[in-house]
Amino acid sequence: MMLASLLFPLLCVGDTKPSSTPNLLAIRVGKAETIAKGTIEHAVILVENGKIVTIGEDLPIEHGIPILDRPDWVVMPGLVDAYSRLGLDSEGGDDMAADVKASAELYPKAEEFQEIVKYGVTTLGLYPAGNGIPGQACAIRPLGKTKEEMLLADGCYLKMISRATPSAKKLFQDGFKKADDYAEKEKKAREKFDKDKKGKKDDKKEEKKEEPKSAANAPKSAELRDEANAAQGSAAADDAKTDEKKDDGFVPPEPEPKAKPWVDLRSGKLRGLVSINSAAEYVHFLDAIGKETFSWDLRLVVQRERDVFYVLDKKCYDLDYDGIGDKKCRAVMEPVLSVTPGTMRNRNLAMELSKCGAKIVFVPRNDTLMDVKNWLSNVGEMVSASLDRAVALRAVTLEPAELLGVEKHVGSLEKGKDANLLFFDGDPLEPTTKLQAVMLDGRIVHGEVKL
């Protein structure tokens, strides 16, 4: 099919304003890494008003639709960095601040947001600074004039730092004590509500008893009396079933701001992201939470020597508790090889964790623009060291999107999702490959491209 004759001027490298990309655009490339549904050869993607309308192999394109035709290019979803402080500058404290939100620090004009788009980051997760339990993360699109325009989701996860110390354990215990106090408050409110409601019902019964019976309404025979009683019994049973299905009108009291994050953790409205540096800190965290059941993932700080491999798998290491892989949680980590302590033997912790059942989320090696620029190249090194390629691609797209709770909008190339696309001239994980263009919400925001 011939390309549309009209050329649409798009941005050159270095421009920061969205281009005049058509609202309806067909994209034809050599390969699409969809993440959710594997690789599509000779892929065609139809984008309309910033959303992916359809994607498939060799799909027909209606006459008159502008076409971006690059048979040698590879397209993949925009990168999702779920753990960053870029563009934020507060320092935080060392205690419990679970109600603090990183979104309060968001400054739309921060230069870092403009820069990371050039390196393919189209979704950014920002967390509050500090130690202890510093607060809740948010997810943003890097470009926007206002906070509201940039903010995709708030309260994405609660950052929690676990150390092998009594004070760290106490922070967790104190936090869930707040949830206990709220549960008791809610219980008392419920009891009072039920008591008041029962009192009103009793009053109505008394009123009915005092009403005089009409002779005309009285049953005229035992047979009629039995029929009336049976009908009343059936109606009462139906009413009882209906009442069970209806909301009884009870409104729980609102938790105090300091208690709400812990209440939300228990109810599943909020996830925890627990930072650990060692196997001992993982064990200490399990001890600190005891029998508490809530959704949590791990932030594993990977450096040259890390002994976290000792707690990867319950069966492999004969543990008395579930290992990281047994929990099927996410491991948020840098794409870095480590070594077994006291030796020079390399370990690919990401590969080991993945094989044990954990889900991998990669973040740049350091929170700098240069490390964001080299991010995909570093991930490629992990693949060269035997990490599964599909796991690696998912670790920078869909898995971090799920961690942030924005997977319905970003993280993979699927119908209905935001058209956040990266265009490469080869395999995205090869160091010689170049990023040719970046599309955010259906608009080319970086790169030199002509239709």
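1. Which residue in β10 is the bridge partner of G272? That would be W296. A word of caution before going on: the model you are looking at is predicted. The pair sits where strand β9 (residues 272-276) runs alongside β10, and those two strands pair in the parallel sense over 5 bridges.

2. Now step back to the sheet around that pair. It is an open sheet of 8 strands, and reading across you get β5-β6-β7-β8-β9-β10-β11-β14, with mixed pairing. At the edges are β5 (79-84) and β14 (359-362), each of which pairs on one side only. Ignoring direction, neighbouring strands here are turned by 25° against each other on average. Helix α10 (residues 375-384) packs on this sheet and touches β5, β6 (121-126) and β14. The direction of α10 makes about 95° with that of β5.

3. There is another open sheet to find, this one with 7 strands in the order β3-β2-β1-β4-β15-β16-β17, again with mixed pairing. Its edge strands are β3 (51-57) and β17 (443-447), which each pair on one side only. In this sheet the average turn between neighbouring strands is 35°, direction ignored.

4. Strand β4 (residues 67-77) is a good place to look inside the 7-strand sheet. With β1 (residues 24-33), β4 pairs in the parallel sense over 6 bridges, and V29 has R70 in β4 as its bridge partner. With strand β15 (residues 421-424), β4 pairs in the antiparallel sense over 4 bridges. Try following two of the partners: V75 stands opposite F423, while V74 has F424 as its bridge partner in β15.

5. Next, the charged side chains. The whole structure holds 29 salt bridges. One of them joins D297 and R330, at 3.4 Å from N to O. D297 belongs to strand β10 and R330 to strand β11 (residues 330-333), so this pair ties together parts that are 33 residues apart in sequence. Both D297 and R330 are buried.

6. R330 also forms a salt bridge with E402, where the closest N and O atoms are 3.3 Å apart. Since R330 is in strand β11 and E402 is in helix α12 (residues 398-404), the pair ties together parts that are 72 residues apart in sequence. How exposed is each partner? R330 counts as buried because its relative accessibility is 8%, whereas E402 is partly exposed, with a relative accessible area of 23%. Put the pieces together and you have a network of salt bridges linking R271, D297, R330, R394, E399 and E402.

7. A separate pair worth clicking on is K417 and E414, whose side chains meet in a salt bridge at 3.2 Å, N to O. K417 has 7% relative accessibility, so K417 counts as buried.

8. Which side chain of opposite charge is nearest to D81? It is R299, but R299 is 8.9 Å away, and D81 is buried with no salt bridge. D81 lies in strand β5, and its side chain reaches the backbone nitrogen of Y83 at 3.2 Å. Beyond residues up to four places away in sequence, D81 touches V121, T123, L124, G125, V363, P364 and W375.

9. D313 is another buried residue without a salt bridge; here the nearest side chain of opposite charge is K328, 7.1 Å away. You will find D313 in the loop between β10 (296-300) and α7 (324-327). The side chain of D313 reaches the backbone nitrogen of K315 at 3.1 Å. Setting aside neighbours within four places in sequence, D313 is in contact with L319, G323, D326 and C356.

10. Have a look at G325 too, which lies in helix α7. Why does G325 count as buried? Because its relative accessibility is 0%. G325 and L312 are 13 residues apart in sequence, yet their C-alpha atoms are 5.5 Å apart in space. Apart from neighbours within four places in sequence, G325 is in contact with L312, C356, G357 and A358.

11. Last stop: helix α5 (residues 260-267). Its buried residues are P261, W262, V263, D264 and L265. Just after α5 comes G268, which takes a positive phi of about 90°.

Technical notes. Residues are numbered from 1 along each chain as its sequence is written. This is a predicted model: local features need pLDDT of at least 70, side-chain atom pairs count only at pLDDT 80 or more; totals for chains, interfaces and linings use all residues. Side-chain values use heavy atoms; hydrogens and water are left out. Buried means under 20% relative accessible area, exposed over 50%, partly exposed in between (1.4 Å probe, protein chains only). Lys and Arg count as positive and Asp and Glu as negative; His and the chain ends are not counted. A salt bridge is a side-chain nitrogen of Lys or Arg within 4 Å of a carboxyl oxygen of Asp or Glu. A polar contact is a pair of N or O atoms within 3.5 Å; within protein, one must be able to donate a hydrogen and the other to accept it, and residues adjacent in sequence count only if both atoms are side-chain atoms. Contact means heavy atoms within 4.5 Å. Two strands pair if DSSP finds at least two bridges between them. Axes are lines fitted to C-alpha atoms, for helices over the stretch in contact, and angles run from 0 to 180 degrees between N-to-C directions.
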